[in-house]
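Dear colleague,

Please find below the structure that I am handing over to you, with its sequence. My findings follow directly after it.

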Amino acid sequence: MERIASFSRITKETDIAITLNLDGSGKGDISTGISFFDHMLNGFSRHGLFDLTCQVKGDLEVDCHHTIEDTGIVLGQVIREAVGDKKGIARYGTCILPMDEALVLCSLDLSGRPYYVSDVEFPTEKVGKMDTQMVKEFFYAISYSAGMNLHFKMLSGNNSHHMIEGMFKAFAKALDMATTQDPRITDVLSTKGSL
Ligand SMILES: [Mn+2]
């Protein structure tokens, strides 16, 4: 069964269309109007080996807030839909990823219960045209719309570009691990019988 989902969302602030294939090969077709955010989403797609089409038109004349937050909401929705009933998947995923001086821990559980925890603080307010404050808003939105428990810890780092890029790649690899199908798991991996 294909694990692909598409979702479109149009509001007065943003117009977003995303398609995600969990069993892709890392092809990204991404345009958000924010070059650094495109660079991050391409890293997510490439390193998670997800195929991701992400076309976003947002009110960048205001700032990058709505564009990035709403992309997180819709990406969370397609993750939730593509994962489906969660039968046969690993459910948990963890990655500790180095990016030069930065070392990022990401750990997640596709539990159905949203919860976001992060200790990450950035040394600069912006990278390119992206406000570093929006990293939290983006991942918080994903955790809520995907129904995911998502943790980040920055074990070391002092360059915002490296720290953020490490977070997106660690998230990709943790999500790839959590969505991996294991033939030993014949049902949903939960003592409750559902997630
Ligand atoms: Mn980079």
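In this predicted model, strand 1 (residues 4-10) and strand 2 (residues 14-21) are paired in the antiparallel sense, with 7 bridges between them. The two strands make a hairpin, and 3 residues lie between them. Within this pairing, serine 6 has threonine 19 of strand 2 opposite to it. Strand 2 also pairs with strand 4 (residues 51-58), again in the antiparallel sense, over 8 bridges. There, asparagine 21 is placed opposite aspartate 51 of strand 4. As general background, the strands of a sheet pair through backbone hydrogen bonds, in either a parallel or an antiparallel manner.

A second topic is the open sheet. It consists of 4 strands in the order 5-6-10-7, and the pairing is mixed. Strand 5 (92-99) and strand 7 (115-118) are at the edges; each has a single partner strand, and therefore one side of each has no neighbour in the sheet. From one strand to the next, the twist averages 10 degrees. Strand 7 and strand 10 (residues 149-156) run parallel and are joined by 4 bridges. One pair of bridge partners here is tyrosine 116 and leucine 150, the latter in strand 10.

Two helices pack on this sheet. Helix 3 (residues 133-146) touches strand 7 and strand 10, and its direction makes about 150 degrees with that of strand 7. Helix 4 touches strand 5, strand 6 (102-109) and strand 10, and its direction makes about 150 degrees with that of strand 5.

Helix 4 deserves a closer description. It covers residues 160-179, and its 20 residues, at 1.5 Å a residue, should span 28 Å; the end C-alpha atoms are 28 Å apart, so the expected and computed values agree. Of the 20 residues of helix 4, 15 are buried, and the helix is thus mostly covered.

Which residues have the most contacts inside the largest nonpolar core? They are Cys106, Met167 and Phe171, in a core of 56 residues. Helix 4 gives the most to this core, contributing 10 residues. Leaving aside residues up to four places away in sequence, cysteine 106 touches Cys95, His151, Phe152, Met167, Ala170, Phe171 and Ala174.

Helix 2 can be described in the same terms. For its 19 residues (65-83), a rise of 1.5 Å a residue predicts a span of 27 Å, and the end C-alpha atoms are indeed 27 Å apart. Because 14 of these 19 residues are buried, helix 2 is largely enclosed by the rest of the structure. Glycine 84 follows helix 2 and has a positive phi, near 70 degrees.

Two further backbone positions may be of interest to you. Most residues other than glycine have a negative phi. Lysine 86, which is not a glycine, nevertheless has a positive phi of about 70 degrees. Lysine 86 belongs to the loop between helix 2 and strand 5. Is lysine 86 buried or exposed? With 22 other C-beta atoms within 10 Å, lysine 86 is buried, because the cut-off for a buried residue is 20 or more. Aspartate 100 also departs from the usual sign, having a positive phi of about 50 degrees although it is not a glycine. Aspartate 100 lies in the loop between strand 5 and strand 6. It has 13 C-beta neighbours inside 10 Å and so counts as partly exposed.

Finally, I summarise the protein as a whole. Its secondary structure amounts to 4 helices and 10 strands. Along the sequence these follow the pattern β-β-β-α-β-α-β-β-β-β-β-α-β-α. The C-alpha trace spans about 50 × 40 × 30 Å along its principal axes. For 195 residues, a compact globule would have a radius of gyration near 16 Å, and the protein agrees with this at 16 Å. Of the 195 residues, 42% count as buried. Among contacts with a separation of 6 or more, 78% are between residues 24 or more positions apart.

With kind regards

Definitions and conventions:
Residues are numbered from 1 along each chain as its sequence is written. This is a predicted model: local features need pLDDT of at least 70, side-chain atom pairs count only at pLDDT 80 or more; totals for chains, interfaces and linings use all residues. The expected span of a helix is 1.5 Å times one less than its number of residues. A residue is buried if 20 or more other C-beta atoms lie within 10 Å of its own, exposed if 12 or fewer, and partly exposed in between; C-beta atoms are placed from the backbone. Two strands pair if DSSP finds at least two bridges between them. Axes are lines fitted to C-alpha atoms, for helices over the stretch in contact, and angles run from 0 to 180 degrees between N-to-C directions. Two residues are in contact if their C-beta atoms, placed from the backbone, lie within 7 Å. A nonpolar core is a set of buried Ala, Val, Leu, Ile, Met, Phe, Trp, Tyr and Cys residues joined through C-beta atoms within 7 Å. The radius of gyration is taken over C-alpha atoms; the globule rule is 2.2 Å times the number of residues to the power 0.38.
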